[in-house]
Amino acid sequence: MFPMTTAATTPSMASTAIRLPHFPTFRCTALPNLPPPQFRTSFNRVSESRRSALFHVKASEDASSSIDTDELFNDLKSKWDAVENKPVVIIYGVGGAIAIWLTSVVIGAINKVPLLPNIMELVGVGYSGWFVYRYLLFESSRKELTTNIESIKKKITEV
């Protein structure tokens with residue numbers, strides 16, 4: 001709105017100057033002044049012609065990796081049409097989204113309590129150590145774990 005000048009521009013106010021207050025500057029003397037880091041990588045040593053050869057990208061059409069969107073939508077539509085209780089599926093989906101949101105809120109609240117995140121981390125490390133000792137350290141316990149996983153897979157797929 002008003003121009004910021006230090007000296008007046010009109011002839012009647014030619015000797016008037018605006019002085020800004022001087023604030024002292026503080027420097028931290030506990031830390032030394034370090035030089036800026038210099039990054040030396042092997043990439044910098046590659047010549048320019050070699051760089052362009054390294055980053056030469058060529059697009060190719062591969063029929064095995066392309067996804068047919070019409071086929072995907074038709075498959076999803078046929079699966080949705082095969083569902084008998086659509087309102088129940090929608091309720092489960094909304095309930096799952098609410099459960100994820102609620103879990104996020106609870107975890108955020110736990111993280112704000114001063115010592116609780118560290119305690120939870122300690123519990124997690126302890127449980128991970130127990131799991132490794134119980135199921136992964138010895139061959140017989142690894143076989144037991146794989147049989148447990150296979151039985152759970154069977155129970156899920158039988159439904």
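The legends below describe close-up views of a predicted model of one protein chain.

**View 1. The overall chain, built from five helices and zero strands.**
In this predicted model, the elements follow one another along the sequence in the pattern α-α-α-α-α. The chain has 159 residues, of which buried residues make up 2%. The accessible surface comes to about 15,700 Å², and carbon and sulfur atoms supply 65% of that area. A search of the whole structure finds three salt bridges, and these are taken up in the later views.

**View 2. Helix H2 and a negative surface patch.**
Helix H2 runs over residues 69–82 and has 14 residues, reaching 20 Å from its first C-alpha to its last, which is close to the 20 Å expected at 1.5 Å a residue. The helix is hardly covered, since the count of buried residues among its 14 residues is zero. Asp 68, Asp 70, Glu 71 and Asp 75 form a negative patch on the surface. One of these residues, Asp 70, has its place in helix H2 and is exposed, with a relative accessible area of 52%, a value that lies over the 50% cut-off for that class.

**View 3. A nonpolar surface patch to which helix H3 gives the most.**
The patch is formed by Trp 80, Val 89, Ile 90, Val 94, Ile 98, Trp 101, Leu 102, Val 105 and Val 106, which together have about 830 Å² of accessible area. Helix H3, covering residues 86–112, gives the most to this nonpolar patch, with eight residues. Val 94, which belongs to the patch, lies in helix H3. At 47% relative accessibility, Val 94 counts as partly exposed, because its value falls between the 20% and 50% cut-offs.

**View 4. A salt bridge between helices H4 and H5, formed by Arg 134 and Glu 144.**
Side chains of opposite charge can pair when their charged atoms come close. Here the closest N and O atoms of Arg 134 and Glu 144 are 3.1 Å apart. Arg 134 lies in helix H4 (residues 116–136) and Glu 144 in helix H5 (residues 139–158), so the pair ties together parts that are ten residues apart in sequence. Arg 134 counts as partly exposed, at 31% relative accessibility, and Glu 144 is likewise partly exposed, with a relative accessible area of 31%.

**View 5. A salt bridge within helix H5, formed by Lys 143 and Glu 139.**
The side chains of Lys 143 and Glu 139 meet with an N to O distance of 3.7 Å. Both residues lie in helix H5, where Lys 143 and Glu 139 are four residues apart, about one turn of the helix. An α-helix has 3.6 residues a turn, so residues three or four places apart point the same way. Both Lys 143 and Glu 139 are exposed.

**View 6. A salt bridge within helix H5, formed by Lys 153 and Glu 150.**
In this pair, the side chains of Lys 153 and Glu 150 meet at 3.7 Å, N to O. Because Lys 153 and Glu 150 are three residues apart in helix H5, about one helical turn separates them. Lys 153 counts as partly exposed, at 46% relative accessibility, while Glu 150, at 45% relative accessibility, also counts as partly exposed.

Conventions:
Residues numbered from 1 in each chain as written. Predicted model: local features only at pLDDT ≥ 70, side-chain atom pairs only at ≥ 80, totals over all residues. Heavy atoms only, no water. Patch = residues over 30% accessible without salt bridge, like charges linked within 9 Å, V, L, I, M, F, W, Y side chains within 5 Å. Areas by Shrake-Rupley, 256 points an atom, 1.4 Å probe, with all protein chains shown as cover. Salt bridge = Lys/Arg side-chain N within 4 Å of Asp/Glu carboxyl O. Helix = DSSP H or I, 4+ residues; strand = E, 2+ residues; numbered from the N terminus. Buried < 20%, exposed > 50% of the residue type's maximum accessible area, 1.4 Å probe, protein only. Lys, Arg positive; Asp, Glu negative; His and termini not counted. Charge placed at Lys NZ, Arg CZ, Asp CG, Glu CD. Expected span 1.5 Å × (residues − 1).
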